[in-house]
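Thanks for coming. I have a few minutes on charged side chains and one surface patch.

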Amino acid sequence: MVGAVGDAGEGGAVQAKVMGPVEWGLLVLLATLWGGSFFLAKVAVAEVPPLTLVLGRVAIAAAALLVVVRLAGYRMPRERSLWLALFVMGALNNLLPFSLIFWAQTSIASGLASILNATTPLFGVLLAHFLTRDERLTPLRLAGALVGLGGVALMIGSDAALRGGHGLLPQLACLLAAVSYALSGIWGRRFSAMAPLVVAAGQLTASTLMALPVVLLVDRPWELPAPSAASLASTLVLALVCTAFAYVLFFRILKAAGATNILLVTLLVPVSAILLGSLVLGESLAARHFVGMALIAGGLACIDGRLPARLRRRPVPAR
């Protein structure tokens with residue numbers, strides 16, 4: 001069973017992990033980086049085929065992280081079993097979702113893609129219930145995921161689907177990418193004993209090795225016109241900042257907070273995308289954006305579980 005490992009507490013009971021202030025801070029930073037990745041991908045995919053963009057993203061990120069691994073004094077694993085696991089992680093967390101989302105963004109808007117990607121926690125809490133022993137589905141977690149998704153949909157607006165096009169297949173592709181991300185969060189639990197930097201470098205290296213022959217056969221990149229400076233810059237930032245650095249954060253949070261909690265980042269990504277648009281591009285925030293952020297905060301609190309538990313323990317004043 002994938003990821004069916006957990007930490008037993010006293011008496012053999014298995015308890016879900018909770019997030020502390022450091023993990024929440026890292027989660028917000030990760031969401032900010034990945035919030036910008038949808039915009040960067042939209043810019044790049046206008047000139048670069050999706051599979052070629054996937055290869056550029058993972059190859060540049062892998063090269064950067066391998067250098068950092070060496071400078072930090074780590075060694076890449078040599079065991080065949082570990083590399084097989086890293087290839088699976090690369091497929092679930094990079095190759096499949098990147099390809100699906102980049103292809104979808106050739107015909108639907110980035111906002112719609114981010115909404116569909118935000119279904120990852122919902123798939124995650126459902127899959128973690130069956131594939132793990134310490135991250136069981138509870139009514140509160142399910143309710144939190146649904147409330148958070150409602151906030152995401154409200155922030156982007158009901159007309160996002162109309163602006164994004166009517167294609168069913170691109171939207172299904174984004175949902176399949178969300179399922180793949182959810183599975184990667186569970187599969188990645190097996191790397192808890194490895195340094196996050198090594199895991200990130202390993203999965204991106206594996207993704208590069210898998211993507212290279214596919215791109216050479218399908219896209220024949222040597223026949224493509226040279227991309228513009230904007231596309232090249234978008235690809236570099238996407239690879240170095242939104243991938244290489246972001247995955248170090250991803251595995252750091254996954255190791256400390258568990259599979260279900262790391263998936264909360266997809267609920268925060270649309271929030272960071274709207275805030276970045278407001279600060280960088282001068283876009284204004286409507287009232288629904290603030291209401292949506294409040295709903296997302298409530299959903300995160302329900303999934304995290306600590307705030308509702310404190311409210312239940314609050315003493316009732318005597319009459």
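I will take the salt bridges, then a buried acid, then the patch.

This is a predicted model, so please hear every value as computed from it. The count of salt bridges comes to two. One of them joins the side chains of Glu23 and Arg252, at 3.4 Å from N to O. That pair links distant parts of the chain: Glu23 sits in helix H1, residues 21-45, and Arg252 in helix H10, 229 residues apart. Glu23 is buried, at 13% relative accessible area, while Arg252 is partly exposed at 31%.

The other bridge is between Glu223 and Arg220, whose closest N and O atoms are 3.0 Å apart. Here Glu223 counts as exposed, with 52% relative accessibility, and Arg220 is partly exposed at 37%.

Now the acid, Asp219. It is in the loop between helix H9 (196-218) and helix H10 (229-257). What is the nearest side chain of opposite charge to Asp219? It is Arg220, 9.5 Å away. A salt bridge needs nitrogen and carboxyl oxygen within 4 Å, and Asp219, though buried, has none. What Asp219 does have is a side-chain polar contact with Thr52, at 2.8 Å. Outside its neighbours within four places in sequence, Asp219 is in contact with Pro49, Leu51, Thr52, Val214 and Leu224.

Last, the surface. Val147, Leu154, Val291 and Leu295 make up a nonpolar patch, together about 270 Å² of accessible area. Helix H6 (139-156) and helix H13 (287-304) are the elements that give two or more residues to the patch. Val291, in helix H13, is partly exposed at 45% relative accessible area.

Conventions:
Residues are numbered from 1 along each chain as its sequence is written. This is a predicted model: local features need pLDDT of at least 70, side-chain atom pairs count only at pLDDT 80 or more; totals for chains, interfaces and linings use all residues. Side-chain values use heavy atoms; hydrogens and water are left out. Patches are made of residues with over 30% relative accessible area and no salt bridge: like charges are joined within 9 Å, nonpolar side chains (Val, Leu, Ile, Met, Phe, Trp, Tyr) within 5 Å. Accessible areas come from the Shrake-Rupley method with a 1.4 Å probe; for residues, only the protein chains shown count as cover. Helices (H or I, at least four residues) and strands (E, at least two) are DSSP runs, numbered from the N terminus. Buried means under 20% relative accessible area, exposed over 50%, partly exposed in between (1.4 Å probe, protein chains only). Lys and Arg count as positive and Asp and Glu as negative; His and the chain ends are not counted. A polar contact is a pair of N or O atoms within 3.5 Å; within protein, one must be able to donate a hydrogen and the other to accept it, and residues adjacent in sequence count only if both atoms are side-chain atoms. Contact means heavy atoms within 4.5 Å.
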